[in-house]
Amino acid sequence: MPEISRFFGMIILMYWDEHNPPHFHVRYGDDNAVINIKTLALMDGKLSRRALSLVLDWAELHQKELLEDWDLCQNSLMPKKIEPLK
C-alpha cells in the first residue's frame, strides 16, 4: 500500500485497485480510518477529533491530487506524493 503523505504522526495511504467510492486510509498510533475523497467524510474506523480535523483540512487542500492518485492506484500505477500539512 503506497504512502501518499505523512504529517504530525499521521500516515496517509492508498491501496492498489481498491473498491469505490474513492478514498484513502489514515494510520495514527493505534487508530485507523478511511476517508471518502469526494465528500471528505469518515467512512470507517476512528481518529481523535483533532486528528480527524487535521486530516480533513489537509484532504480539502489536496482533494484534486488525491483523486488523481486514486486514478493512478486504480490502474496499478504508483501514486504521487502529496505535500504534508505544515
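Is Arg-6 buried, partly exposed or exposed? With a relative accessibility of 48%, Arg-6 counts as partly exposed, because the exposed label is kept for values over 50%. Keep in mind as you look around that this is a predicted model.

**Salt bridges**

Let's stay with Arg-6 for a moment. Its side chain meets that of Glu-3 in a salt bridge, with N and O 2.7 Å apart. Glu-3 is partly exposed too, at 26% relative accessible area. The general idea is simple: side chains of opposite charge can pair when their charged atoms come close.

How many salt bridges does a search of the whole structure find? The search turns up three, and here they are side by side:

| Salt bridge | N to O distance |
|---|---|
| Arg-6 and Glu-3 | 2.7 Å |
| Lys-46 and Asp-31 | 3.5 Å |
| Glu-83 and Lys-86 | 3.5 Å |

Take the pair in the middle row, Lys-46 with Asp-31. Lys-46 sits in the loop between strand E5 (42-45) and H1, while Asp-31 belongs to strand E4 (residues 31-36), so this bridge ties together parts that are 15 residues apart in sequence. The two partners have their own surroundings. Lys-46 is exposed, at 54% relative accessible area, whereas Asp-31 is buried, at 18%. That follows because buried means under 20%.

What else does Asp-31 touch? Leaving out residues up to four places away in sequence, Asp-31 is in contact with Val-26, Lys-46, Leu-47 and Ser-48. So its salt-bridge partner Lys-46 shows up on the contact list as well.

The bottom row pairs Glu-83 with Lys-86. Glu-83 is partly exposed, with 47% relative accessible area, and Lys-86 is exposed, with 78%. Hold on to Glu-83, as we'll meet this residue again.

**Two helices and the loop between them**

Now move along to helix H1 (49-61) and helix H2 (63-74), where His-62 lies in the loop between them. Two packed helices are described by the angle between their axes and the distance between the axes. Here, H1 and H2 pack at an angle of about 80°, and their axes are 4 Å apart. The two helices are therefore roughly perpendicular to each other.

Which residues make the contact between H1 and H2? On the H1 side you'll find Trp-58, Ala-59, Glu-60 and Leu-61, and these meet Gln-63, Glu-65 and Leu-66 of H2. Sorted by type, the residues of this contact are four nonpolar, one polar and two charged.

Back to His-62 in the loop. Is His-62 buried or exposed? The residue counts as buried, with a relative accessibility of 11%. Its side chain reaches the backbone oxygen of Glu-83 at 3.5 Å. Skipping residues up to four places away in sequence, His-62 touches Ile-82 and Glu-83. That gives Glu-83 two roles in our tour: its backbone oxygen is reached by the His-62 side chain, and Glu-83 also forms the salt bridge with Lys-86.

**Just past H2**

One last stop: Asn-75, in the segment after H2. Asn-75 is exposed, with a relative accessible area of 54%. How far apart are Asn-75 and Asp-17, in sequence and in space? Along the sequence they are 58 residues apart, yet their C-alpha atoms are 6.8 Å apart in space.

Notes
Residues are numbered from 1 along each chain as its sequence is written. This is a predicted model: local features need pLDDT of at least 70, side-chain atom pairs count only at pLDDT 80 or more; totals for chains, interfaces and linings use all residues. Side-chain values use heavy atoms; hydrogens and water are left out. Buried means under 20% relative accessible area, exposed over 50%, partly exposed in between (1.4 Å probe, protein chains only). A polar contact is a pair of N or O atoms within 3.5 Å; within protein, one must be able to donate a hydrogen and the other to accept it, and residues adjacent in sequence count only if both atoms are side-chain atoms. Contact means heavy atoms within 4.5 Å. A salt bridge is a side-chain nitrogen of Lys or Arg within 4 Å of a carboxyl oxygen of Asp or Glu. Axes are lines fitted to C-alpha atoms, for helices over the stretch in contact, and angles run from 0 to 180 degrees between N-to-C directions. Angles under 35 degrees count as roughly parallel, over 145 as roughly antiparallel, 65 to 115 as roughly perpendicular and the rest as oblique. Ala, Val, Leu, Ile, Met, Phe, Trp, Tyr, Cys and Pro count as nonpolar, Asp, Glu, Lys and Arg as charged, and the others, Gly among them, as polar.
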